[in-house]
Amino acid sequence: MSIQRHDLLAHFDALLQPERFKDYGPNGLQVEGRGEIARIVSGVTASRALIDAAIAARADAIFVHHGLFWRGMDGRVTGWMKERLQRLLAHDINLFAYHLPLDAHAELGNNAQLGCVLGWQADQRFGEQELGFAAPAAFADAADLAAHVRAALGRSVTLVAPEGGRPIRRVAWCTGGAQGFFESAIAAGADAFITGEISEPQTHLARETGVAFIAAGHHATERYGAPAVAAHAARQLGLEHQFIDIDNPA
């Protein structure tokens, strides 16, 4: 089976509601390809490696979290941008990208799916545009929680654990580069906050507030939403779908 490009775009837009968000770049169709779509490849970032893999998989469309275009970027089509666009256009492949709408979806988004992987069901939203999720938890201390996250994601994590080893009864998380949400997580009553990256100020905040901070990798925390949404669309519309995970240690 196949579907027209504009119908697939309408399906994604209805599901993710990008009009609700103030974002850092355009959500939706970023590069127009062939009009009829039967096979979707999903991935985290529209890198050259993912595009090449999608070409090999004979994809009609790519669905990602990190697209090609961001607010304030250099608009010249040279170097790496030229290489990516050249491949998409030469093979007539559509590129769909959804950033914050994909983080925020209550069931299929990055945060909801990360919660599923870690075994948590969010009962609270917090932070700017309600992108942060929070849930009850039961861990002896921050080290116990960090070991759980490390095992679930299959990668090392950075833990800043306050002194005292207090039990973790409530966790908050926001995928990717959401270290700026730490203070909102603290205000929301979290004993620990999980995101993808850590910056210099978070270490001091964790030590001074007694709330643990775990950085588990930008890519590692955001590799679940795109395949969940693309697989959902494929099931509903009778399309083929393949998730291709391009390794990224960041």
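Two strands pair if DSSP finds at least two bridges between them. With that rule in mind, the tour may begin; please note that the model is a predicted one.

**First stop: a parallel pair of strands**

Select residues 192–195, which form strand β11, together with residues 212–215, which form strand β12. These two strands run in the parallel sense and are joined over 4 bridges. Display the side chain of Ile194 and look across to β12, where Ile214 stands opposite.

Now widen the selection to the sheet around this pair. The sheet is open and has 6 strands, in the order β7-β8-β10-β11-β12-β9, with mixed pairing. Its edges are β7, at 124–126, and β9, at 158–160, each of which pairs on one side only. Viewed along the sheet, the twist from one strand to the next averages 25 degrees.

**Second stop: the sheet of 5 strands**

Turn next to another open sheet, made of 5 strands in the order β2-β6-β5-β4-β13 and again with mixed pairing. Colour β2 (28–31) and β13 (240–243) to mark the edge strands, each of which pairs on one side only. Neighbouring strands here are turned against each other by 30 degrees on average, direction ignored.

Select β4, residues 39–45, beside β13: the two pair in the parallel sense over 4 bridges. Within this pairing, Ile40 has His241 of β13 as its bridge partner. Then add helix α2, which packs on the sheet and touches β4 as well as β5 (61–66). The direction of α2 makes about 165 degrees with that of β4.

**Third stop: helices α2 and α3**

Keep α2 (residues 48–56) on display and add α3 (residues 79–90). How do the two axes lie with respect to each other? They come within 10 Å and cross at roughly 15 degrees. Angles under 35 degrees count as roughly parallel, and α2 and α3 are therefore roughly parallel to each other. Their crossing is left-handed.

Show the side chains where the helices meet: Arg48, Ile51, Asp52 and Ile55 belong to α2, and Glu83, Arg84, Arg87 and Leu88 to α3. By class, this contact has 3 nonpolar residues, no polar ones and 5 charged ones.

Remain on α3 and select Glu83 and Arg87, whose side chains form a salt bridge at 2.8 Å from N to O. Both residues lie in this helix, 4 residues apart, which is about one turn. In total, the count of salt bridges comes to 9.

**Last stop: helices α1 and α10**

Finally, select residues 5–16 for helix α1 and residues 225–237 for helix α10. Their axes are 11 Å apart, and the helices pack at an angle of about 125 degrees. That angle makes α1 oblique to α10. As α1 passes α10, the crossing is right-handed.

Which residues make the contact between α1 and α10? From α1 come Leu8, His11, Phe12, Leu15 and Leu16, while α10 contributes Val229, His232, Ala233, Gln236 and Leu237. Sorted by class, this contact holds 7 nonpolar and 3 polar residues, with no charged ones. To end the tour, display this contact beside the one between α2 and α3, where 5 residues are charged.

Key. Residues numbered from 1 in each chain as written. Predicted model: local features only at pLDDT ≥ 70, side-chain atom pairs only at ≥ 80, totals over all residues. Heavy atoms only, no water. Axes fitted to C-alpha atoms, helices over the stretch in contact; angles between N-to-C directions. Parallel < 35°, antiparallel > 145°, perpendicular 65-115°, else oblique. Left-handed = near helix turned anticlockwise from the far one by under 90°. Contact = heavy atoms within 4.5 Å. Nonpolar A, V, L, I, M, F, W, Y, C, P; charged D, E, K, R; others polar. Salt bridge = Lys/Arg side-chain N within 4 Å of Asp/Glu carboxyl O.
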